[in-house]
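Hi,

Here is the structure I said I would pass on. Have a look when you get a minute, and my notes are underneath.

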Amino acid sequence: KDIQYINSYYYNKLETNRFDSNVGKYVGYTAAGVRQAEIWNKDTSLIAMRKAQREAYCLNNVGIDYQVA
């Protein structure tokens, strides 16, 4: 539960939007980012793919990262 997958998007060093696996959807931080997040959140296949990334990437590699630390 404490493993979190975040996919952030930046424009001119400013974070515009991000997908957060704990929230389960895209969140916008600028006016353009909010509009883009709304569009992406309507695409159920994109949301399902991002949610699957947590299990495919994070959960498979967490053991490796903790061994190194």
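Below is what I found, going from the overall layout to the details.

Bear in mind that this is a predicted model. The protein has three strands and two helices, and in sequence order they run β-β-β-α-α. The C-alpha trace spans about 40 × 30 × 15 Å along its principal axes. Of the 69 residues, 26% are buried. If you take the contacts with a separation of 6 or more, 25% of them join residues 24 or more positions apart. The accessible surface is about 5,100 Å², with 53% of that belonging to carbon and sulfur atoms.

Now the inside. The largest nonpolar core is made of eight residues, namely Ile3, Tyr5, Phe19, Tyr26, Ala37, Leu46, Ile47 and Cys58. Helix α2, covering residues 44–68, is the biggest contributor to this core, with three residues. Tyr5 is worth clicking on: beyond its neighbours within four places in sequence, Tyr5 contacts Phe19 and Cys58, and also Asp20, Ser21, Arg50, Gln53 and Arg54.

On to charges. The protein carries 9 positive and 7 negative side chains, and the centres of these two sets are 6 Å apart. How many salt bridges does the structure hold? Just one. It pairs Arg18 with Glu15, with 2.8 Å between the closest N and O atoms. Glu15 has a relative accessibility of 15%, and because the cut-off for buried is under 20%, Glu15 counts as buried.

Cheers

Methods. Residues are numbered from 1 along each chain as its sequence is written. This is a predicted model: local features need pLDDT of at least 70, side-chain atom pairs count only at pLDDT 80 or more; totals for chains, interfaces and linings use all residues. Side-chain values use heavy atoms; hydrogens and water are left out. A nonpolar core is a set of buried Ala, Val, Leu, Ile, Met, Phe, Trp, Tyr and Cys residues joined through side-chain atoms within 4.5 Å. Buried means under 20% relative accessible area, exposed over 50%, partly exposed in between (1.4 Å probe, protein chains only). Helices (H or I, at least four residues) and strands (E, at least two) are DSSP runs, numbered from the N terminus. Contact means heavy atoms within 4.5 Å. A salt bridge is a side-chain nitrogen of Lys or Arg within 4 Å of a carboxyl oxygen of Asp or Glu. Accessible areas come from the Shrake-Rupley method with a 1.4 Å probe; for residues, only the protein chains shown count as cover. Lys and Arg count as positive and Asp and Glu as negative; His and the chain ends are not counted. The place of a charge is taken as NZ of Lys, CZ of Arg, CG of Asp or CD of Glu.
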